[in-house]
Amino acid sequence: MVTQFLTIITDPSVAYLLLMAGVWGLLIEFAYPGGVVPGVLGAIALLVGVYGLQLLPISYVALLLVGLGLVLMVLEVFTATGGVFGIGGVIALVLGSVMLFDGSIPGFFIPWPVLVATVGGTVGVFAL
């Protein structure tokens with residue numbers, strides 16, 4: 001049972017999706033406080049995603065780029081910078097997501113459809 005769970009969460013796509021779903025859940029909770037469910041599910045998804053990523057060969061600089069991209073997009077929502085933080089956040093998120101896994105190891109990459117859907121969804125959420 002535990003081995004099956006670890007097999008699922010250590011798939012690069014699943015770990016990345018859990019990480020992003022966790023961030024989305026926490027952002028929804030911060031934007032609309034009191035809705036408890038998005039915050040709880042987001043925190044669980046974020047921690048399980050981070051645990052899955054720790055078992056994979058990732059680039060920590062790329063993970064920091066993903067985090068920076070998310071922080072910059074949040075700052076864009078709360079400040080009037082004319083889109084500078086938002087554009088920088090999208091660039092950092094895309095670069096970090098592409099560089100997250102070592103492409104020389106077979107099977108350790110995020111497929112382009114997953115990457116495009118996730119980044120596009122994140123940008124769409126922040127654009128609203």
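**Notebook: helix faces and selected residues**

I started with Glu29, which is buried, with a relative accessible area of 16% (buried means under 20% relative accessible area, exposed over 50%, and partly exposed in between, for a 1.4 Å probe and protein chains only). I note at once that this is a predicted model, in which local features need pLDDT of at least 70 and side-chain atom pairs count only at pLDDT 80 or more, while totals for chains, interfaces and linings use all residues. Residues are numbered from 1 along each chain as its sequence is written, and side-chain values use heavy atoms, with hydrogens and water left out.

**Entry 1: Glu29 and helix 3**

I placed Glu29 in helix 2, where helices (H or I, at least four residues) and strands (E, at least two) are DSSP runs numbered from the N terminus. I then listed the residues that Glu29 touches, not counting those up to four places away in sequence, and found Gly34, Gly35, Val36, Val37, Pro38 and Gly39; contact here means heavy atoms within 4.5 Å. For Gly39, which is 10 residues from Glu29 along the chain, I noted a C-alpha separation of 5.0 Å.

Gly39 also appears among the buried residues of helix 3, together with Gly42, Ala45, Gly49, Gly52 and Leu53. Seen down the axis of helix 3, these buried residues fall within an arc of 155°, so they line one face of the helix; the arc is that of the directions from the helix axis to the C-beta atoms. They pack against helix 1 (2–9), helix 2 and helix 4. I also checked the length of helix 3 (residues 37–54): its 18 residues should span 26 Å at 1.5 Å a residue, and the end C-alpha atoms are 26 Å apart, which agrees; the expected span is 1.5 Å times one less than the number of residues.

**Entry 2: helix 4**

I repeated the length check on helix 4 (residues 60–78), whose 19 residues should span 27 Å at 1.5 Å a residue, and the end C-alpha atoms are indeed 27 Å apart. The buried residues of helix 4 are Ala62, Val66, Gly69, Leu70, Leu72 and Met73. Viewed down the helix 4 axis, they lie within an arc of 160°, so they line one face of the helix. What covers them includes helix 2 (12–31), helix 5 (84–99) and helix 6 (112–127).

Which exposed residues does the face of helix 4 turned away from its buried side carry? I found Tyr60, Val61, Leu64 and Phe78 there. Val61 counts as exposed at 56% relative accessibility, and its C-alpha atom is separated by 18 Å from that of Ile105, 44 residues apart along the chain.

**Entry 3: helix 6 against helix 2**

For helix 6, the 16 residues should span 22 Å at 1.5 Å a residue, and I found the end C-alpha atoms 22 Å apart, in agreement. Its buried residues are Leu115, Thr118, Val119, Thr122 and Phe126. Down the axis of helix 6 they fall within an arc of 90°, so they line one face of the helix, and the elements covering them include helix 2, helix 4 and helix 5. On the other side of helix 6, Pro113, Val116, Ala117 and Ala127 are exposed.

How do the axes of helix 2 and helix 6 cross, and within what distance do they come? They come within 11 Å and cross at roughly 5°, where axes are lines fitted to C-alpha atoms, for helices over the stretch in contact, and angles run from 0 to 180 degrees between N-to-C directions. That makes helix 2 roughly parallel to helix 6 (angles under 35 degrees count as roughly parallel, over 145 as roughly antiparallel, 65 to 115 as roughly perpendicular and the rest as oblique). The residues making this contact include Ser13, Tyr16 and Trp24 of helix 2 and Val114, Thr118 and Phe126 of helix 6.

I looked further at Thr118, which is buried, with a relative accessible area of 4%. Thr118 touches Tyr16, Leu17, Met20 and Trp24, leaving aside residues up to four places away in sequence, and its side chain reaches the backbone oxygen of Val114 at 2.7 Å. Ser13 of helix 2 is buried too, with a relative accessible area of 12%, and with the same sequence exclusion of up to four places it touches Phe109, Ile110, Pro111 and Val114.

**Entry 4: Phe101**

Lastly I looked up Phe101, found in the loop between helix 5 and helix 6, which is buried, with a relative accessible area of 7%. Not counting residues up to four places away in sequence, Phe101 touches residues including Pro12, Leu53, Pro57 and Phe109.

Technical notes:
A polar contact is a pair of N or O atoms within 3.5 Å; within protein, one must be able to donate a hydrogen and the other to accept it, and residues adjacent in sequence count only if both atoms are side-chain atoms.
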